[in-house]
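Colleague: Could you take me through the aromatic side chains in this model, one pair at a time? I would like a close look at that part, with the rest of the chain kept as background.

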Amino acid sequence: MRKDPEYISPNMTGVMCIYSILFMRFAWEVKPRNYLLLACHASNETVQLYQLSRWYSWSTSAKAADAKRVEEAPAAAPAK
């Protein structure tokens, strides 16, 4: 949670979100209901969604910073 969001893989995080949702449904539908499995995957889903939101926030701010840097580059170049 403290590492830079640039190391987060959005593809893997998305897959983990889908995986957790599927297993939460399985834990709910199986008879008898498996509340421990449901709780584990619900907590994993929460963490994965948080990580995905961190990555999205970082990626949009990084793209904005890159666009701003590209706009400022010609103005900052010395005249020949």
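**The aromatic side chains**

Modeller: As background to this predicted model, the accessible surface of the protein chain comes to about 6,400 Å², and 65% of that area belongs to carbon and sulfur atoms. The secondary structure consists of two helices and zero strands, and of the 80 residues in the protein chain, 16% count as buried. Among the contacts with a separation of 6 or more, 64% are between residues 24 or more positions apart.

Turning to the rings, the structure holds three aromatic pairs. One of them is formed by Tyr19 and Phe23, whose rings lie 4.9 Å centre to centre with 45 degrees between the planes, a tilted arrangement. An angle under 30 degrees would count as stacked and one over 60 as edge-to-face, so the 45 degrees of Tyr19 and Phe23 falls into the remaining class. Both residues belong to helix α1, which covers residues 10–29, and they are four residues apart there, about one turn of the helix.

As for how open these two side chains are, Tyr19 has a relative accessible area of 37% and is partly exposed, while Phe23, at 33% relative accessibility, also counts as partly exposed. Both values lie between the 20% under which a residue is buried and the 50% over which it is exposed, which is why neither Tyr19 nor Phe23 is given either of those labels.

A further pair is that of Trp28 and Tyr35, with ring centres 6.3 Å apart and planes at 75 degrees, so this pair is edge-to-face. Of its two members, Trp28 is partly exposed at 37% relative accessibility, whereas Tyr35, with a relative accessible area of 52%, is exposed. The ring of Trp28 has another neighbour to consider, since the charged end of Arg33 sits over that ring, 3.8 Å from its centre.

Returning to Tyr19 and Phe23, these two residues join Phe26 in one aromatic cluster. The members of that cluster also appear in a nonpolar patch on the surface, which is formed by Ile18, Tyr19, Leu22, Phe23 and Phe26 and has about 500 Å² of accessible area together. Tyr19 therefore has several roles in this description: a place in helix α1, a tilted pairing with Phe23, membership of the aromatic cluster, and, being partly exposed at 37%, a share in the nonpolar patch, for which over 30% relative accessible area is required.

Key:
Residues are numbered from 1 along each chain as its sequence is written. This is a predicted model: local features need pLDDT of at least 70, side-chain atom pairs count only at pLDDT 80 or more; totals for chains, interfaces and linings use all residues. Side-chain values use heavy atoms; hydrogens and water are left out. Buried means under 20% relative accessible area, exposed over 50%, partly exposed in between (1.4 Å probe, protein chains only). Contact means heavy atoms within 4.5 Å. Accessible areas come from the Shrake-Rupley method with a 1.4 Å probe; for residues, only the protein chains shown count as cover. Rings of Phe, Tyr and Trp (its six-membered ring) pair if their centres lie within 6.5 Å; planes under 30 degrees apart count as stacked, over 60 as edge-to-face and the rest as tilted. A charge sits over a ring if NZ of Lys or CZ of Arg is within 6 Å of the ring centre and within 35 degrees of the ring normal. Patches are made of residues with over 30% relative accessible area and no salt bridge: like charges are joined within 9 Å, nonpolar side chains (Val, Leu, Ile, Met, Phe, Trp, Tyr) within 5 Å. A salt bridge is a side-chain nitrogen of Lys or Arg within 4 Å of a carboxyl oxygen of Asp or Glu.
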